[in-house]
Amino acid sequence: MLQKLYTSHNISQLRKLIPNNSGIFAIIDNNVEEFFTEFKDWNFICIEACEEIKSLDAVAEICSVLMEKNADRDCFIVGAGGGVTTDLAGFVASVYKRGVRFGLVPTTVLAACDAAVGGKNGVNHGGVKNMVGSVKFPLWTFQSTLFFKTLPSRVFREGVAEMLKTFLITDKDLFNESAAFFHFLSDEGECCKAEGKALSNEGECCKAEGKALSNVGECCKAEGKALSDVRRVELSPRKEGVLRRLIKECALRKMELVEKDPYDRRQRRLLNLGHTFGHALESYAAQKPELFPDGLLHGEAVAAGTVATAKISLSKGLLKEDDCKAITKAFADCGVLCNYNVPASRLLKYIYQDKKIRGQKLHMILPQGIGKVKGLDVDLADLKTLSKGIIL
């Protein structure tokens, strides 16, 4: 197996997973640092996690800190936080001294289902998400609902979006079960109505200026209410047990595809469902913050992108109307589908920078039913036509 998956309530179990005689360096979201106070022998590099810190400048600064602390090739990096932190930590581990070992501790549902599973690491560049990256697998990913119970409701829901997307690709029964189970989240409020700007343990940040790391300069100070003021999801023991099982099933389904195609040439590309329009919407939101006063989370963008892709699949005759409606309803009922009133045509200039373009064709993943998707090369000219009338 390319990557091992561990699930435990006891965070002390992390000690058993780290190779002996390793200097341990934890790249950690400072909002979750309190969970790791028992690891006094670790070297902590705390960051203010936000999209702006996913940069080559931040990578260079972290590598400089590792050099100052004499981290050698036998060191071990632990990345603990949401997707921004695990992406960044994995990329640092893949380039520092040409690669060192690392493990990931995702502290959001989204990261546990997606970012911390599969070996993709990267940073943003030139206003485009994950433009610079690597494929290097962690030795392990450690999942614990201990973290998920502390998440603000909106951040919890964005992880559900990624889960639904994965099951839409891989398993009809699990998709339907998840849609039914997470329906209770629709009672948590509209997904786009934030109770303050600091929405996750990755925060919602301002434009970072100066130093990238919180321990060497100011970065990404969130506006609005503090995390303690943002509503959390209530989880009974039964719901927590179901959540733990569904997150693990989601990660395992993703790993099944990754094992067959580690470097994203065939089956793994199916996981890109919803990301063509999703990443474009994120880039658009970054350029037009005045249109997104409450910001845009990755899972929300994936939900919108998946539904938009389902509509394109419907127009191409690949998807039945009933299935298209069921997909849309599932995301809406779980509180992860928002109306941003953005015509798909406005996102095309960002899509034209997509890594999946070869020549004048974009490789898109289109749903053919619930639990069944298909990869298809779409002419960019046809995509422009297909996008007409679609509103995200």
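This report walks through a predicted model of one protein chain, from the whole chain down to a few single residues.

## The chain as a whole

Let's start with the big picture. The chain has 392 residues, and 56% of them are buried. Its secondary structure adds up to 13 helices and 11 strands. If you take the contacts between residues with a separation of 6 or more, 78% of them link residues 24 or more positions apart. As for the outside, the chain exposes about 16,500 Å², with carbon and sulfur atoms supplying 48% of that area.

## Strand E4 and its partners

Now zoom in on strand E4, which covers residues 76–81. Is E4 enclosed or open to the outside? Buried here means under 20% relative accessible area. By that cut-off 6 of the 6 residues in E4 are buried, so the strand is largely enclosed by the rest of the structure. You can check this face by face: Phe 76, Val 78 and Ala 80 are buried on one side, while Ile 77, Gly 79 and Gly 81 are buried on the other.

E4 also has strands to pair with. Strand E2 (residues 24–29) runs parallel to E4, and 5 bridges join the two. To find a spot in this pairing, look for Ala 26, which stands opposite Val 78 of E4. Strand E5 (residues 101–106) is parallel to E4 as well, and here there are 6 bridges. In this pairing, Ala 80 has Val 105 of E5 as its bridge partner. How does the chain get from E4 to E5? It passes through helix H3 (residues 83–95), making a right-handed β-α-β crossover.

## Two helices: H3 and H2

H3 is worth a look of its own. It is mostly covered, with 12 of its 13 residues buried. Among the buried ones are Gly 83, Thr 85, Leu 88, Phe 91 and Val 92. Its length works out too: at 1.5 Å a residue, 13 residues should span 18 Å, and the C-alpha atoms at the ends are 18 Å apart, so the two values agree.

Helix H2 (residues 56–68) also has 13 residues, and it reaches 18 Å from its first C-alpha to its last, close to the expected 18 Å. Its buried residues are Ala 58, Val 59, Glu 61, Ile 62, Cys 63, Val 65 and Leu 66. What covers them? The cover includes some elements we have already met, E2, E4 and H3, along with strand E3 (43–47) and E6.

## A buried asparagine in E6

Asn 124 sits in strand E6 (residues 120–125). Its relative accessibility is 16%, so it counts as buried. Which residues does Asn 124 touch, once you leave aside its neighbours within four places in sequence? They are Glu 51, Lys 54, Ser 55, Lys 129, Asn 130 and Met 131. With Asn 130 there is a polar link to look for: the backbone nitrogen of Asn 130 lies 2.9 Å from a polar atom of the Asn 124 side chain.

## Residues with a positive phi

Here's a backbone detail to hunt for. Most residues other than glycine have a negative phi. The table lists some residues that have a positive one.

| Residue | Phi | Where it is |
|---|---|---|
| Asn 70 | about 60 degrees | just after H2 |
| Lys 97 | about 50 degrees | just after H3 |
| Asn 341 | about 60 degrees | loop between H11 and H12 |

Lys 97 belongs to the loop between H3 and E5. With a relative accessibility of 40%, Lys 97 counts as partly exposed. Asn 341 lies in the loop between helix H11 (321–333) and helix H12 (348–351). At 56% relative accessibility, Asn 341 counts as exposed.

## An antiparallel sheet

Finally, look further along the chain. Three strands form an open sheet here, in the order E9-E10-E11, and their pairing is antiparallel. Which strands sit at the edges? They are strand E9 (357–358) and strand E11 (372–379), and each of these pairs on one side only. E9 joins strand E10 (residues 361–369) through 2 bridges, in the antiparallel sense. In one of these matches, Ile 357 has Leu 362 of E10 as its bridge partner.

How values were computed:
Residues numbered from 1 in each chain as written. Predicted model: local features only at pLDDT ≥ 70, side-chain atom pairs only at ≥ 80, totals over all residues. Heavy atoms only, no water. Buried < 20%, exposed > 50% of the residue type's maximum accessible area, 1.4 Å probe, protein only. Helix = DSSP H or I, 4+ residues; strand = E, 2+ residues; numbered from the N terminus. Pairing = 2+ DSSP bridges. Right-handed = clockwise from strand over helix to strand, strands pointing away. Expected span 1.5 Å × (residues − 1). Contact = heavy atoms within 4.5 Å. Areas by Shrake-Rupley, 256 points an atom, 1.4 Å probe, with all protein chains shown as cover. Polar contact = N/O pair within 3.5 Å; in protein donor to acceptor, adjacent residues only side chain to side chain.
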